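Hi,

Here is the structure I promised to pass on. Have a look at it first, and then read on for what I found.

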Amino acid sequence: MNKIILALIMSVFSFAAIASDKPAPPLSIPAKQEVIDKQEFNFHLKVNDWKFSQRQTDGSVFFQVGHKFLDKGNIAVRYVNAESGNDERRVAYNYSVYKGHGFSVSTKWEYRDFSTSQDYWRGRVEFKYSNKVTKNTEFWVKISPRLNFKDSDNPTFSSRDQIGFYYKIVDNIKFGPFIDRTTKTEWTNHTATVIGTNFIMEL
């Protein structure tokens, strides 16, 4: 198990190396990309092995249905009604590699089918740590590097890294805010900041 975790951690640095292995242009300084601020609201309902999710962000909304698959896995389908008109249909498979002592490691592969832009595969590794601060409050942080395979010969790097907390309202309901830092091409290229909330209910 330790070898698996080590290999996954090394893969994160491999992702960054693949994405950033580009010669710097001579005698030029690239312009800093404008950071876009967004808001995101998430609702999740868990019923036995089923999970239903809804997200609203900046005029777009998505609906997702997932179900437990192959022991530690989960398969899900998603539909995104995008404000831009470039709607998305997505199939994703998530597999839990390790979970213990507040740490978890998982992988996800997804196929993204768009209405007006190119379809492509995307893979990611997700590292998460959570810890109870009080009886009803939980702090968490998540790092999620991704590779986009629009061009199979030159996959591109991106990441959504988050920090937040949950407050348990009652035994089966928790709520909390988070902040998200999105990057593209390389980890230092900060492209968006998302302020959001999660509302989770289990039945």
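Let me start with a hairpin: β7 and β8 are joined through 4 residues. Please keep in mind throughout that this is a predicted model. The two strands of the hairpin, β7 (residues 120–132) and β8 (residues 137–143), run antiparallel and are joined by 6 bridges. If you want a spot to centre your view on, try Phe 127, whose bridge partner in β8 is Ile 143. β8 also pairs with β10, again in the antiparallel sense and over 6 bridges. In that pairing, Val 141 stands opposite Ile 163 of β10.

Stepping back to the whole chain, the secondary structure comes to 1 helix and 12 strands. Along the sequence the helix is followed by the strands, in the pattern α-β-β-β-β-β-β-β-β-β-β-β-β. The protein has 203 residues, of which 37% count as buried. Its exposed area is about 12,700 Å², with carbon and sulfur atoms supplying 60% of that. As for contacts between residues at least 6 apart in sequence, 37% of them join residues at least 24 apart.

Now to the part I enjoyed exploring, the charged side chains. As a general matter, side chains of opposite charge can pair when their charged atoms come close. How many salt bridges does the structure hold? The count is 11. One of the pairs is Arg 55 with Glu 40, whose side chains meet at 3.4 Å, N to O. That pair links distant parts of the chain, with Arg 55 in strand β2 (residues 50–57) and Glu 40 in strand β1 (residues 36–47), 15 residues apart. Both Arg 55 and Glu 40 are buried.

The residue I would look at next is Glu 110, which sits in strand β6 (residues 103–114). Is Glu 110 buried or exposed? With a relative accessible area of 1%, Glu 110 falls under the 20% cut-off, so Glu 110 counts as buried. Its salt bridge with Arg 122 has the closest N and O atoms 2.7 Å apart. Because Glu 110 lies in strand β6 and Arg 122 in strand β7, this pair ties together parts that are 12 residues apart in sequence. Arg 122 has a relative accessibility of 7% and so is buried as well.

Glu 110 also meets Arg 124 in a salt bridge, at 3.1 Å from N to O. Here too the pair links distant parts of the chain, from Glu 110 in strand β6 to Arg 124 in strand β7, 14 residues apart. Arg 124, at 14% relative accessibility, counts as buried. There is a further polar contact of 3.2 Å between the side chains of Glu 110 and Arg 90. Leaving aside residues up to four places away in sequence, Glu 110 touches Arg 90, Val 91, Ala 92, Tyr 120, Trp 121, Arg 122 and Arg 124. Which residues make up the salt-bridge network that includes Glu 110? Glu 88, Arg 90, Glu 110, Arg 112, Arg 122 and Arg 124 are linked in it.

On the surface, you will find a nonpolar patch of about 870 Å². It is made by Val 133, Phe 139, Ile 163, Phe 165, Tyr 167, Ile 169, Val 170, Phe 175, Ile 179 and Ile 195. Which strand gives the largest share of the patch? That is β10, with 5 residues. β10 (156–170) and β11 (173–184) each supply at least two residues of the patch. Ile 195, another member of the patch, is found in strand β12 (residues 190–202). At 46% relative accessibility, Ile 195 lies between the 20% and 50% cut-offs, which means that Ile 195 counts as partly exposed.

One last stop is Ser 84, in the loop between β4 (73–81) and β5 (88–100). Ser 84 is exposed, at 65% relative accessibility. Its side chain reaches the backbone nitrogen of Asn 86 at 3.3 Å. Ser 84 and Gly 59 are 25 residues apart in sequence, while their C-alpha atoms are 8.7 Å apart in space.

Happy browsing, and best wishes!

Note on methods. Residues are numbered from 1 along each chain as its sequence is written. This is a predicted model: local features need pLDDT of at least 70, side-chain atom pairs count only at pLDDT 80 or more; totals for chains, interfaces and linings use all residues. Side-chain values use heavy atoms; hydrogens and water are left out. Buried means under 20% relative accessible area, exposed over 50%, partly exposed in between (1.4 Å probe, protein chains only). A polar contact is a pair of N or O atoms within 3.5 Å; within protein, one must be able to donate a hydrogen and the other to accept it, and residues adjacent in sequence count only if both atoms are side-chain atoms. Contact means heavy atoms within 4.5 Å. Patches are made of residues with over 30% relative accessible area and no salt bridge: like charges are joined within 9 Å, nonpolar side chains (Val, Leu, Ile, Met, Phe, Trp, Tyr) within 5 Å. Accessible areas come from the Shrake-Rupley method with a 1.4 Å probe; for residues, only the protein chains shown count as cover. A salt bridge is a side-chain nitrogen of Lys or Arg within 4 Å of a carboxyl oxygen of Asp or Glu. Two strands pair if DSSP finds at least two bridges between them.
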